[in-house]
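Welcome! Please take a moment to look over the sequence and the model below before reading on.

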Amino acid sequence: MKICSVMKGLYCRAVSDAEPKFVIQEMTLPDVLTSHQVRVQVKACGLSPLDFKLLRDVGMQRDLIPVGREVAGVVLQVGPKVTFFQPEDEVVGILPLDSSFSGLCEVIDTDEYYLVQKPEKLSSVCVAGALRDGLCAYSALHTHARMAAGHTLLVTDGASSFGLMCIQLACYHGAKVLTTSHSPQNHTFLEQLRPSVARVIPVYNSSSDLLSVVMEETGGLGVDIVVDSGVHLHEEEEEVESEEKKLLPHKHDIISVLGVGGHWVTSHQDLQLDPPDCRLLYLKSASVSFLNPEVWTASSSQQGRYLHILKDIVEKMSSGLLRPQPEEAVPLYEATVAMETVQRHPKKKAVVQL
């Protein structure tokens with residue numbers, strides 16, 4: 001096929017103290033690929049919220065920030081030293097933070113070390129929409145918590161795309177799973193999951209006390225692992241936060257449900273632990289890990305392990321062991337509106353089909 005050297009992609013123009021502005025911008029393809037680069041025709045791209053604070057912290061402030069990094073497509077051309085792929089291979093991957101390409105460009109260039117083969121029967125839309133959540137779940141349960149068969153696990157907000165991946169991965173490995181639901185619809189959905197979870201704890205009507213239910217289910221021992229989707233830091237926050245945030249557990253509740261030697265994996269970037277919190281963790285010999293999936297592409301120190309994780313995720317999705325909630329793909333002309341929604345509501349998902 002003839003490749004146009006000028007591509008249009010979606011970029012973010014960050015404005016201090018104002019909502020980010022998403023714009024369509026032209027991008028020029030280089031004439032020649034470098035040694036390990038792969039040129040990919042994008043078929044689908046997942047949209048995730050931009051973390052401006054993280055970009056500032058790692059020194060990647062730019063006037064235009066590329067949008068859309070979870071991509072699935074077909075290899076068009078490979079660099080002279082590429083060994084993993086050849087033209088016409090179907091691939092999937094997450095573009096690194098410093099990529100100059102938007103995943104919504106029709107054709108992109110990226111290093112072969114950020115891609116893995118896509119199984120033929122796995123749809124591009126499905127894998128592009130779920131790859132990041134799969135990576136987060138894998139990182140939380142295997143890399144951080146060292147999950148094993150027989151462990152008891154609490155996943156907060158199990159009906160979210162990330163929570164669902166955690167539940168399915170934990171059930172596959174023989175863990176006992178407890179989870180919380182944030183609405184009656186989510187509660188019904190979680191109770192109907194197969195393989196089934198041990199207990200769905202409703203937190204949307206204040207009728208369930210998380211600590212007492214968990215202790216009842218674990219015989220008073222507590223859980224081995226907690227994976228959260230955010231936490232309350234202080235009781236007084238409840239009056240000023242949104243309805244969605246009011247459903248998040250308090251940090252003290254999470255520490256209280258941990259068993260001896262338990263492990264808490266948190267997505268809360270600004271977690272603050274007071275001396276009493278630390279004392280309780282110490283008494284339980286428990287630990288806390290921060291879940292930041294960007295470290296996989298920000299550092300090449302564990303590149304081989306990262307590629308193994310991506311490969312395992314797509315194989316489990318292809319075989320049906322991981323079954324993400326289906327996302328309806330939006331056309332390219334709706335990408336700007338879709339990204340604005342995702343940026344405002346980080347738990348929402350969007351996939352653009354090219």
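The report below goes from the whole protein to its strands, one helix and two single residues.

**The whole protein**

What you see is a predicted model. The mean pLDDT is 88, and 93% of the residues reach 70 or more. One stretch calls for more care: over residues 236-240 the pLDDT stays under 50, and the model has four contacts beyond four places in sequence for these residues. Where pLDDT is low, the predicted coordinates should not be read in detail.

The protein holds 11 helices and 16 strands. Its C-alpha atoms fill a box of roughly 65 × 45 × 35 Å along the principal axes. How does the radius of gyration fit a compact globule? For 354 residues such a globule would have a value near 20 Å, and the protein has 21 Å, which agrees. Buried residues make up 53% of the 354 residues. Of the contacts with a separation of 6 or more, 70% are between residues 24 or more positions apart.

**A set of paired strands**

Now to strands S3, S5, S6 and S7. Strand S3 (residues 37-47) runs antiparallel to strand S5 (residues 70-78), and eight bridges join them. S5 also pairs with strand S6 (residues 90-94), again in the antiparallel sense, over five bridges. S3 has a further antiparallel partner in S7, with five bridges between them. Strand S7 itself (residues 107-111) is mostly covered, as four of its five residues are buried.

The table gives one pair of facing residues for each of these pairings.

| Strand with the partner | Residue | Partner |
|---|---|---|
| S5 | Gln 41 | Val 74 |
| S6 | Val 74 | Glu 90 |
| S7 | Arg 39 | Asp 109 |

Val 74 is worth finding in the model: Gln 41 stands opposite Val 74, and Val 74 stands opposite Glu 90 in S6.

**Helix H2**

Next, follow helix H2 (residues 124-144). This helix has 21 residues and reaches 29 Å from its first C-alpha to its last, close to the 30 Å expected at 1.5 Å a residue. Where is the kink in H2 centred? Look at Ala 130, where there is a kink of about 45 degrees. H2 is mostly covered, with 19 of its 21 residues buried. After the helix comes Arg 146, which has a positive phi, near 50 degrees.

**Two residues up close**

Let us start with Gln 168, which is found in helix H3 (residues 161-172). Is Gln 168 buried or exposed? Its relative accessibility is 7%, so Gln 168 counts as buried, the cut-off being under 20%. Leaving out residues up to four places away in sequence, Gln 168 touches Leu 321, Leu 322, Arg 323 and Pro 324.

The second residue, Leu 280, has its place in helix H8 (residues 275-284). Leu 280 has a relative accessible area of 22% and is therefore partly exposed. With residues up to four places away in sequence not counted, Leu 280 touches His 252, Ile 255 and Ser 256. How many Å separate the C-alpha atoms of Leu 280 and Val 125? The separation is 44 Å, and the two residues are 155 residues apart along the chain.

Conventions: Residues numbered from 1 in each chain as written. Predicted model: local features only at pLDDT ≥ 70, side-chain atom pairs only at ≥ 80, totals over all residues. Heavy atoms only, no water. pLDDT = per-residue confidence, 0-100. Contact = heavy atoms within 4.5 Å. Helix = DSSP H or I, 4+ residues; strand = E, 2+ residues; numbered from the N terminus. Buried < 20%, exposed > 50% of the residue type's maximum accessible area, 1.4 Å probe, protein only. Expected span 1.5 Å × (residues − 1). Bend = angle between axes of the 7 residues up to and from the residue. Pairing = 2+ DSSP bridges. Rg over C-alpha atoms; globule rule 2.2 N^0.38 Å.
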